[in-house]
Amino acid sequence: MKRRWTKILAVDALLMIVTFGAIQLIPVPRDNPPVRREPVWNSAETRTLAVDACFDCHSSETEWPWYTGIAPFSWVVWYDVTEGREALDFSDWDRHVDDDFVDPED
């Protein structure tokens with residue numbers, strides 16, 4: 001009985017290792033597109049605060065940590081950065097300006 005459970009656990013461990021190795025082959029882009037236009041900052045300190053707190057997810061100046069090369073962590077971080085850039089992108093500041101602009105004379 002004990003040998004049976006040992007064999008089952010060994011097969012399960014082997015399957016987990018093979019699966020973990022296989023998911024490493026799924027590519028995740030960790031690119032930083034060129035900066036097009038940043039907002040006009042009221043001071044250098046404001047920009048520094050935004051860089052420290054927001055730029056990793058909300059700009060094209062993302063610093064990709066070492067663990068973003070390991071799946072499935074890479075998938076989660078890539079998804080968060082993609083969603084963050086879509087919602088607010090400090091490196092492509094004018095992208096949503098025309099979409100959100102409402103002319104008061106219309």
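Leaving aside its neighbours within four places in sequence, which residues is Ala50 in contact with? In this predicted model, the residues in question are Trp41 and Phe55. The report below sets that answer beside the overall make-up of the protein, and then turns to a serine and two cysteines.

**Overall make-up**

The protein has five helices and zero strands, so that, read from the N terminus on, its elements run α-α-α-α-α. Of its 106 residues, 18% count as buried, and the protein exposes about 8,500 Å², of which carbon and sulfur atoms supply 63%. Among the contacts between residues at least 6 apart in sequence, 70% join residues at least 24 apart.

**Ala50**

Ala50 lies in helix α2, which spans residues 44-53, and it counts as buried because its relative accessibility is 8%, a value under the 20% cut-off. A further relation concerns Phe90, which is 40 residues from Ala50 in sequence, while the C-alpha atoms of the two residues are 9.0 Å apart in space.

**Ser60**

Ser60 has its place in the loop between α3 (55-58) and α4 (73-87). Is Ser60 buried or exposed? At 7% relative accessibility, Ser60 counts as buried. Not counting residues up to four places away in sequence, Ser60 touches Asn32, Pro33, Pro34 and Val35, and also Arg85, Asp89 and Ser91. For one of these residues, Pro33, a polar atom of the Ser60 side chain lies 3.4 Å from the backbone oxygen.

**The cysteines**

The structure holds zero disulfides. Why is there no bond between the sulfur of Cys54 and the closest cysteine sulfur? The closest cysteine sulfur, in Cys57, is 9.0 Å away from that of Cys54, which is too far for a bond, because a disulfide requires the sulfur atoms to be within 2.5 Å. Seen from the other side, Cys57 is likewise in no disulfide, the nearest cysteine sulfur being that of Cys54. As for exposure, Cys54 counts as partly exposed because its relative accessibility is 27%, and Cys57 counts as partly exposed at 32%.

The accessibility values for the four residues discussed are set out here.

| Residue | Relative accessibility | Class |
|---|---|---|
| Ala50 | 8% | buried |
| Ser60 | 7% | buried |
| Cys54 | 27% | partly exposed |
| Cys57 | 32% | partly exposed |

Key: Residues numbered from 1 in each chain as written. Predicted model: local features only at pLDDT ≥ 70, side-chain atom pairs only at ≥ 80, totals over all residues. Heavy atoms only, no water. Helix = DSSP H or I, 4+ residues; strand = E, 2+ residues; numbered from the N terminus. Buried < 20%, exposed > 50% of the residue type's maximum accessible area, 1.4 Å probe, protein only. Contact = heavy atoms within 4.5 Å. Polar contact = N/O pair within 3.5 Å; in protein donor to acceptor, adjacent residues only side chain to side chain. Areas by Shrake-Rupley, 256 points an atom, 1.4 Å probe, with all protein chains shown as cover.
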